[in-house]
Each structure stands twice: as structure tokens, then as C-alpha cells.
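Me: Could you take a close look at one part of this model for me, the main nonpolar core, and then tell me how the rest fits around it?

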Amino acid sequence: MRTLRVRVNERAYTVSVDQTGKDRFDATVNGERFELEVATSEHIASWLVRYSNEPIHAQTRVLPNGKVDVWLAGIPFPASVQAVGIGGYPIAREALRQESIGGEVRSLMPGRVTSILVKEGEAVKEGTPLLILEAMKMQNEITSPIAGEVKSVIAKEGATVKKDSVLILIE
Amino acid sequence: MRMKLLIANRGEIALRIIRTCRKLGVRTVLVHSDADRESLPMRYADERYALHRSTPSETYLNIPKLVTAAKDSGCDAIHPGYGFLSENSDFVKACEESGLIFIGPSSAALEKLGNKLQARQSMKDSGVRVIPGSDGALNDEEEAVTVAEAIGYPVILKAVYGGGGRGMRVARNSDEARRFYRITKLESISAFGREAIYIEKRLENPRHVEIQAMADRHGKVVSLGERECSIQRRHQKLLEEAPSVALDESLREELNNAAKRGLAAASYTNAGTVEFLIEKTGKFYFLEVNKRLQVEHLVTELTTRIDIVEEQLKVASDSHLGFSQNEIAVNGWAINCRINAEDPRKNFVPSPGTVIHYHPASGPGVRVDSALFSGCSVPEYYDSLIAKLATWGANRQEAIQRMRTALDEMEILGVPTTISLHRELMRDEGFVHGNFDTAYLNAVLPRLNSKILEYEKLAAVVAAAGRIRSPVAQTIGVYKSSRWRSAARTESMTGQRRAG
């Protein structure tokens with residue numbers, strides 16, 4: 001039995017894993033038990049996970065530095081895995097970068113800013129439309145994640161923006 | 001068939017058209033943007049023609065470039081696919097003026113059904129019920145509010161030249177009517193190159209059912225049966241099936257007749273779809289005509305065994321339709337799941353990127369129309385549809401069972417997709433029992449999404465097992481390691497030495 005600490009997105013899970021055969025594993029998380037079987041040994045491995053409901057298929061790609069990419073039904077779950085040693089302390093230290101989000105309104109996708117709907121100094125509520133970002137032929141209304149004041153409008157109308165670029169600051 | 005065809009489209013539909021052309025011996029020329037230079041259909045077209053640059057307006061929406069491409073490469077016909085210029089009357093005229101056969105309706109039919117407003121009028125004239133709404137395009141946002149208040153909220157703002165579910169917003173009050181008028185207009189300009197907007201009353205939770213028809217130049221109009229398209233979000237179809245559980249034989253007959261009457265009155269030719277909204281009472285309204293090959297045409301192909309693209313090419317070159325109405329037999333049941341590069345966890349935000357791994361579903365009763373391959377890119381410039389996964393069964397139950405299996409087999413890694421949503425939908429009681437309308441998906445989305453969020457726990461389990469199974473980081477791409485370093489890392493990462 002091995003105990004591992006797994007971070008997926010911003011949540012941490014403590015997972016106990018027992019290897020029960022060459023390609024078979026039993027795992028427990030929060031008291032729930034799962035049976036896993038792995039099918040291929042290419043750089044992307046294919047898994048069958050059995051739990052209370054129906055089995056689900058998953059794929060993994062093991063990367064350096066304790067990172068494991070996991071996909072379930074096509075959804076990516078980038079995970080980082082650390083072994084838990086004596087006393088429950090993580091052995092491998094990994095800087096877990098907590099993204100500072102706050103009032104940064106970031107672009108969720110690459111696209112083009114077609115129109116900016118707010119001005120600096122304007123008060124906004126949570127959900128107030130801030131700007132319109134065109135991506136894949138769709139006009140996407142980007143709304144404020146929090147209530148506050150528009151501190152700075154970084155995006156420019158007509159400009160092409162990359163994924164994750166800061167568009168607007170709200171305070 | 002003696003024809004050389006320019007394909008003025010990209011992705012899966014370009015490949016779909018090429019497949020039929022190769023079957024018929026029609027030579028193909030595929031135009032392509034810079035972003036699509038390494039796309040899958042490029043491998044199978046007989047010739048390729050670069051349009052340079054990548055934005056739609058510089059490539060697949062650029063009429064002069066496309067006409068020049070067709071002339072330069074000696075084509076006699078153009079297939080527009082769906083989206084882009086498929087329903088653009090200027091493009092059809094430009095083709096006609098250059099002596100090119102446009103694979104679609106004639107310009108005369110387009111003039112009658114040219115835009116959504118004209119289509120409304122034409123259907124009204126042939127005795128088909130239309131949804132209450134504005135009689136013409138709106139001049140400004142204040143007129144939008146005036147008309148909306150006259151017919152009563154909620155209303156739908158629609159791009160007169162729109163299509164494919166784009167350029168449409170529901171407004172529930174005057175504030176939204178103003179705001180969405182502006183957004184719809186922007187969307188319309190960017191997607192369709194025109195800004196005209198009109199308003200229709202929004203019906204309460206109708207079903208969306210459409211009739212696929214084919215018409216030749218000799219006056220024959222044949223219905224290939226209906227498709228049920230009520231599973232939608234943001235007015236975008238996400239899943240289609242044929243036939244529809246909502247129709248009994250008499251309602252089916254009525255819809256077929258209304259569709260054929262409307263198309264015949266407009267002297268329509270080629271493939272066309274008449275969309276209807278059906279209220280719970282069975283009262284139906286004309287919604288719009290799609291004057292093109294549709295995304296979901298494959299479910300009709302699966303139930304009728306007709307190659308719709310082949311019939312399109314025949315009809316466009318003046319041949320008679322290869323069948324008459326009494327030869328059309330709808331056999332079994334087909335379902336199509338649209339696989340879009342969108343992230344269901346982030347409100348379906350489009351997610352372009354690189355597909356690092358692709359493995360399609362297959363097997364009895366499974367059809368995949370896609371242009372994916374491992375390593376292909378999903379460009380940010382175009383539609384988010386990357387694959388259509390369709391299954392056929394002797395009945396609806398079998399089609400659903402096959403879809404569940406097919407969705408499990410379909411592996412698309414690198415860009416988030418709607419596969420997870422379809423997986424949950426195939427297990428959703430309302431869908432499985434056929435109890436749904438156009439509001440259904442939005443209503444159950446939070447529930448389906450909460451199931452998808454539960455995947456995270458599973459992901460943690462798989463990550464842990466994956467790490468134990470292959471503790472040594474494998475050499476992938478740029479990452480280089482020595483065995484000594486790997487072993488040392490393994491020990492430090494898994495804690496083998498200290499935890500023991």
C-alpha cells in the first residue's frame with residue numbers, strides 16, 4: 001500500500017494505492033474504493049476505472065517532476081503527485097504555484113477583442129459584461145468575476161489576445 | 001461523373017465531400033488557409049490551392065479569391081459545404097457570372113428564400129404557419145425594443161443572414177433587447193458580413209424538428225424524413241437524431257407536406273432543410289430554411305442509405321433525383337453527437353489547440369466524420385466542431401447503446417471536448433426516454449456538469465496509479481534524462497528509499 005498526495009486543479013486528494021497485479025490496482029480516496037486496470041504501455045496509457053456506477057475510461061501521460069496528465073472522457077486533468085512519507089509529510093517538494101487571480105480578468109481563449117464595454121473607474125457588479133471576445137466565430141461576453149471598480153483596461157479593441165492574457169483589472 | 005469540383009470549405013466537411021467525389025471519380029481542388037495547410041483533407045484532395053493567411057474573411061469567406069481559385073484550377077463547380085459562403089447569394093451570383101456550377105440552390109430560389117425574412121414571407125405565402133415577429137429588419141436598438149414590447153418578451157434577436165445557430169440571442173427585457181441587439185449585430189457582421197437583425201417571439205420550450213428534402217431542376221421534391229434537433233445550447237445543436245420521437249404518422253405527414261410545399265413554391269433545388277418548432281400541442285411553426293448541406297446530414301444518410309452529397313452533385317449537373325418519394329424508407333434510428341473543442345467546465349468556452357492523441361470509435365453501426373489525427377491543430381479562426389460521432393441502430397435503444405460504447409472508445413486528447421457531456425447525456429433519464437425539448441439541455445446542464453466535476457476525484461486516483469505504474473518519467477519530446485538520473489528521481493519522488 002502506497003499513499004500519495006495528488007493535486008488536481010487546486011484541490012488535494014490523498015490516495016492510497018495497492019498494486020494487485022501487473023496491470024491492476026486498487027485505490028482508495030475519501031473512503032471510496034476504485035479498481036483500475038491499465039491497457040497499453042505506450043507513452044499514453046489507457047485505463048479502465050471501476051467504481052460504484054459504470055466503468056469509465058481514462059488516459060494518462062506521465063511527465064517529469066511528478067506531473068501526470070489525466071484525461072477522462074476527453075477532459076484534461078493535469079495532476080501533480082507526491083509520495084507521502086513517514087508522518088505524512090510530502091517528501092518531494094514541489095512549488096505549488098497558486099495562481100493569483102483576484103481581480104485579474106484573463107482571456108480563457110485566444111481571440112480578438114471586438115468591443116470593450118466598460119471604462120476605467122466604472123463600478124461593476126459580479127456578472128457585469130466587460131468586453132466581447134471573438135473566438136471560433138463566436139462573440140463571447142466576458143463578465144466580471146467580482147464586484148468592484150475597473151482599475152485598468154489593458155485590452156484594446158481590435159487586438160488579438162493570447163490565452164491567459166490579462167484583459168482588465170478589477171479592484 | 002465528369003466534373004472538377006472546388007471545395008470552398010475545410011475540416012471534416014471538406015473531407016466528407018472529397019470522399020463522395022473520389023467514389024464518383026470527380027476531381028477535387030481543395031482551397032486552404034495557412035492554418036489549414038497540414039489539415040487532413042489536404043491529403044486526399046486531387047489538387048490543393050493556397051488562399052494565404054488564415055482569418056475567415058481573408059480565406060473561406062473571400063469571394064474573389066475563391067472564384068479566382070476555381071478559374072485558375074480549371075474547376076467547373078464549387079461545393080460550399082456548410083457555414084462560410086454556403087448560403088451567400090453574392091457568392092452564388094459570382095459563381096454564375098463566372099460560369100461555375102454552384103452546388104446548392106439556384107439564385108432564383110435563393111432570391112425567394114435568400115434570407116430569413118424572405119423565407120418567412122415565402123412560407124407564409126404558401127400557407128405554412130410562421131412565428132409572430134417583425135416584418136422587416138430593425139433599424140436600431142430602439143426599434144428592437146418597440147417591436148419586442150409589441151409581441152411580448154421573451155423574444156429572439158436574429159441575424160437576417162445568419163445560420164448554424166449563430167447570430168441569435170434571447171432577450172427577456174428592454175435592457176437585454178438593447179444589449180443583445182448590439183452583440184447580435186457584431187456577431188452577424190463578423191460571421192456573415194451583414195448587419196441586418198430582426199425579431200421573433202420566443203416560443204415556450206418547443207421541440208426543434210426539421211425535414212431534410214432534396215429537389216431537382218425538373219420539379220421533383222422529395223422528403224428524406226425528419227431530424228430531431230432539440231438538444232441545443234445557445235441555439236447551437238449539440239445532438240441530432242432521425243427519426244424524432246415527437247412525431248406520429250399524421251404529424252410527420254403534415255410536416256413533410258408543409259416542407260415540400262414551401263420548397264416547391266420557391267422553385268427550390270438541391271439539398272434543403274426546412275426547420276420547424278413544434279409546441280407540446282403538436283402545433284408547428286416554420287422556423288427557417290437551411291439552403292445547404294447540413295452538419296447533421298449524416299443521420300439521414302444512415303437511416304435512408306442515400307449519399308446526400310452525391311445527390312447534390314447530380315442535381316446540380318441537371319440530372320434527375322435518383323429516387324422518388326415512395327422509394328424513401330426510413331430504416332432504424334441514427335444519433336449524431338457533435339464533438340466540439342469546447343470546455344464543458346468553463347461554460348463551453350471554445351478551446352483551440354493541438355490534439356496530441358486521437359483514436360476514433362469504430363465498429364458496427366458507428367460512423368465518424370472528422371478531420372482529426374494525432375498531432376493535428378484545431379485553429380482558433382474557425383468553428384469549434386471537430387468531429388461528428390454517429391451511431392445507427394435497429395431502434396433508438398440500440399443507437400443509444402452503441403453511442404455509449406462509441407463515446408468510451410473515442411479518445412481526443414489535447415483539447416477539451418464535449419465528449420464528457422454526451423457521455424452523461426446518454427445516461428440521462430429524460431434523454432433516454434425521449435422526454436426533452438429545446439430548453440431541456442440548459443435545464444439539465446448543471447446536473448450533468450456536476451457529474452463531470454466528480455471526474456476530478458477519479459482523475460486523482462488515476463494519476464496516483466499512473467505514477468506508481470511508471471515512476472520513471474519517460475522520454476517524451478524534448479525531455480532528456482539518463483537512467484541514473486531517472487532512478488534517483490524515482491526514489492526521491494516515490495519515497496521508496498525513505499518510506500521504504
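Reply: The largest nonpolar core in this predicted model has 149 residues. Those with the most contacts inside it are Ile7(B), Ala459(B), Val461(B), Val462(B), Ala463(B) and Ala464(B). Helix 16 of chain B, residues 455-469, gives the most to this core, with nine residues.

Zoom in on Ala464(B). Setting aside its neighbours within four places in sequence, Ala464(B) is in contact with Leu4(A), Val6(A), Val15(A), Val17(A), Ala27(A) and Val81(A). A second core, separate from the big one, has 43 residues, including Ala171(B), Ile183(B), Phe348(B) and Val349(B).

That takes us to the contact between the chains. Chain B puts in 53 residues and chain A 61. On the chain B side, the elements that give two or more residues are helix 8 (174-192), strand 16 (349-350), strand 22 (411-413), helix 13 (419-425), helix 16, helix 17 (483-494) and helix 18 (496-499). Helix 16 of chain B has the largest share of that side, 15 residues, and it is also the element that gives the most to the largest core. Sorted by class, the side of chain B that touches chain A comes out as 27 nonpolar, 12 polar and 14 charged residues.

Now for the domains. Chain B splits into domain 1 (4-103), domain 2 (132-201), domain 3 (207-453) and domain 4 (470-500). The C-alpha centres of domain 1 and domain 3 of chain B are 23 Å apart, and 25 residues of domain 1 are in contact with 24 residues of domain 3. Helix 1 of chain B (residues 11-24) supplies the largest share of the domain 1 side, seven residues. By class, that domain 1 side has 13 nonpolar, eight polar and four charged residues. Chain A, for its part, is divided into domain 1 (2-88) and domain 2 (104-170), with 36 Å between their C-alpha centres.

What about chain B as a whole? Chain B has 18 helices and 22 strands, and its C-alpha atoms fill a box of roughly 85 × 55 × 50 Å along the principal axes. Its radius of gyration is 24 Å, which agrees with the value near 23 Å for a compact globule of 500 residues. Of those 500 residues, 54% count as buried. Among contacts in chain B with a separation of 6 or more, 65% are between residues 24 or more positions apart.

A few backbone details are worth a check as well. Most residues other than glycine have a negative phi, and most peptide bonds are trans. The bond from Tyr153(B) to Pro154(B) is cis, with omega near -5°, and Pro154(B) sits in the loop between helix 7 (141-151) and strand 6 (155-163) of chain B. Ala242(B) and Pro243(B) are also joined by a cis peptide bond, with omega about -5°; Pro243(B) is in the loop between strand 11 (236-242) and helix 9 (249-265) of chain B.

As for phi, Asn65(A) is not a glycine but has a positive value near 60°. Asn65(A) lies in the loop between strand 6 (56-62) and strand 7 (67-72) of chain A and is exposed, with 12 other C-beta atoms within 10 Å. Asn205(B), again not a glycine, has a positive phi of about 40°. Asn205(B) is in the loop between strand 8 (197-201) and strand 9 (207-215) of chain B, and is partly exposed, with 15 other C-beta atoms within 10 Å.

Note on methods
Residues numbered from 1 in each chain as written. Chains lettered and ligands numbered in written order. Predicted model: local features only at pLDDT ≥ 70, side-chain atom pairs only at ≥ 80, totals over all residues. Core = buried A, V, L, I, M, F, W, Y, C linked by C-beta atoms within 7 Å. Buried ≥ 20, exposed ≤ 12 C-beta atoms within 10 Å, placed from the backbone. Helix = DSSP H or I, 4+ residues; strand = E, 2+ residues; numbered from the N terminus. Contact = placed C-beta atoms within 7 Å. Nonpolar A, V, L, I, M, F, W, Y, C, P; charged D, E, K, R; others polar. Domains from an automatic or database assignment. Rg over C-alpha atoms; globule rule 2.2 N^0.38 Å.
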